[in-house]
Amino acid sequence: MGSNKTGDPKVNDSTALQGASGIVNAPKASALLLWYDRHHRTLPWRTSPADAAVGVLPDPYHVWLSEIMLQQTTVGAVKDYFTAFLTRWPTVDALAAADEEDILKAWAGLGYYSRARNLHKCARTIVANHDGHFPDNAIALKTLPGIGDYTAAAIAAIAFDEPVAVVDGNIERIIARLYRIDEPLPAAKKPIKDRMAQLTPAHRPGDFAQAMMDLGASLCSPKRPACSLCPYSGACEAEMVGDMERYPVKAPKKDKPVRRGAAFLIRRPDGALWLQKRPDTGLLASMTAVPTTDWFDKKEGEQFDPETALAAAPAGLHFHKKSGQVTHTFTHFHLELDIYETTCEVQAPLAQGWWSPPDQIRGEALPTVFRKVVEFTP
């Protein structure tokens, strides 16, 4: 790996770097910022370099909202949600005053509903404890609900120009390639963050962070990066040896366990679907769902047959099993669900729950796994 020989780690404008395979030009923040001024993405939450140059400041509420939405989600998927949220809740005060169930319904489709709950908690905390204003530094931001290291750094840099290292997946890839960091992730996270801190300039750190994100989303792609067009061409150690796609090095993936269970679709003759809330603790806590069995480890689940499933089905109803299964992958396991269906004439088949008419089901705050169940076609 190369060694940084600059006197100022925040500017890093040295002209040479001793790399793993020889001498290359050192990466310069200024080169990337020039590229960003010409090639930046236009995003609804972003203040453009031209606007920033005439004094337009980023809105911390917009930056925070976009960063929470972008976790585990693509830019393309987030744009419409971001616009819809701003239309409905244009300020952090408005979001804090909203009903949580309305926020969850507006969030439907973005997944990871704990983010939506923390979004609401964070808005309420900002209004209650910070007079409706976001803290202007990463350390203070990290004390807020739902804001971790990355999000705190991103908000601090982009909204308040604090020169802190912002490292997302795209930036991990760029830094690992620039300096040929051979440690596999996640062990490489610390040296990558250290290198990003050295490269981040004191001037325009927010634009620099966004420029790195844009570079990773365009030229420095996981496969077949467009190195000849990259502002860091000639300063990248991985490019120098033609080994770009090797980085970042990833540790071998562990096999995920498989769990199995059953889900029960209860419909009225008019097509309304019976929904309920999951328990307040555990996976998908308090989320909207259809009734299910417990989810058994596959070793136990090999004995999870129709009789086992129906023993856990809502009582007094006659279900038929649909062919096929719904499969879904969570962070730590794969899930296989058998689907059982029935038509119900009674007013309320279970003590807790509600009927969702056909034209309202899409607006329910159903996690992805249960949306798959509801929309399942053999």
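Asp 161 sits in the loop between α9 and α10. In this predicted model, its phi is near 60 degrees, a positive value in a residue that isn't glycine. That's worth a pause, because most residues other than glycine have a negative phi, and most peptide bonds are trans. How buried or exposed is Asp 161? With 44% relative accessibility, Asp 161 counts as partly exposed.

Move along the chain to the loop between α11 and α12, and you'll find Arg 204. Its phi is also positive, near 60 degrees, and Arg 204 isn't a glycine either. The surroundings are another matter: Arg 204 has 19% relative accessibility, so it counts as buried, the cut-off for that being under 20%.

Now for some backbone oddities of another kind. Take Pro 186, in the loop between α10 and α11 (189-199). The peptide bond that leads into Pro 186 from Leu 185 is cis, with omega near 5 degrees. Further along, Pro 248 is placed in the loop between α13 (237-240) and β3 (258-267). Here too the bond is cis: Tyr 247 and Pro 248 are joined with omega at about 0 degrees.

Tyr 247 also turns up in the surroundings of Arg 177, so that's a handy place to go next. Arg 177 is part of helix α10. Although arginine counts as charged, Arg 177 is buried, with a relative accessible area of just 2%. What is Arg 177 in contact with, leaving aside its neighbours within four places in sequence? The list includes Cys 220, Ser 221, Pro 222 and Pro 225. It also includes Cys 236, Glu 237 and Ala 238, along with Met 244, Glu 245 and Tyr 247. If you'd like a sense of distance, look from Arg 177 to Met 69: they are 108 residues apart along the chain, and their C-alpha atoms are separated by 27 Å.

Met 69 leads on to Thr 73, as the backbone oxygen of Met 69 lies 3.2 Å from a polar atom of the Thr 73 side chain. That side chain also reaches the backbone oxygen of Gln 71, at 3.0 Å. Thr 73 is found in the loop between α3 and α4 (75-88), and since its relative accessibility is 18%, it counts as buried. Beyond its neighbours within four places in sequence, Thr 73 is in contact with Val 78, Leu 110 and Arg 115.

Next, the open spaces. Rolling a probe the size of a water molecule over the atoms shows where empty space is left. The largest pocket has a volume of about 930 Å³. It is lined by 33 residues, and those closest to its centre are Leu 70, Gln 72, Asp 168, Gly 169 and Asn 170. Which elements give two or more residues to this lining? They are α3 (60-70), α9 (149-160), α10 (169-178) and α12 (205-217). The largest share comes from α10, with 5 residues. Sorted by class, the lining of the largest pocket has 14 nonpolar, 8 polar and 11 charged residues.

The second largest pocket has a volume of about 450 Å³. Its lining is made of 21 residues, with Gly 111, Tyr 112, Leu 284, His 328 and Phe 330 nearest the centre. Here α7 (113-129), β7 (320-329) and α16 (368-374) each supply at least two residues, and α7 gives the most, with 3. The lining of this second largest pocket divides into 11 nonpolar, 9 polar and 1 charged residues.

Last, the cysteines. How many disulfides does a search of the whole structure find? It finds 0. A disulfide is a covalent bond between the sulfur atoms of two cysteines, and to count as one here, the two sulfurs must be within 2.5 Å. Cys 227 shows why that fails: the closest cysteine sulfur belongs to Cys 236 and is 6.2 Å away, which is too far for a bond. Cys 227 itself counts as buried, at 15% relative accessibility. Cys 344 counts as buried too, with 1% relative accessibility.

Terms used. Residues numbered from 1 in each chain as written. Predicted model: local features only at pLDDT ≥ 70, side-chain atom pairs only at ≥ 80, totals over all residues. Heavy atoms only, no water. Buried < 20%, exposed > 50% of the residue type's maximum accessible area, 1.4 Å probe, protein only. 1 Å grid on protein atoms, 1.4 Å probe; cavity = no way out; pocket = protein on both sides within 12 Å on 5 of 7 lines; lining within 4 Å. Points joined across faces, edges and corners; volume = space filled by probe spheres on them. Helix = DSSP H or I, 4+ residues; strand = E, 2+ residues; numbered from the N terminus. Polar contact = N/O pair within 3.5 Å; in protein donor to acceptor, adjacent residues only side chain to side chain. Contact = heavy atoms within 4.5 Å.
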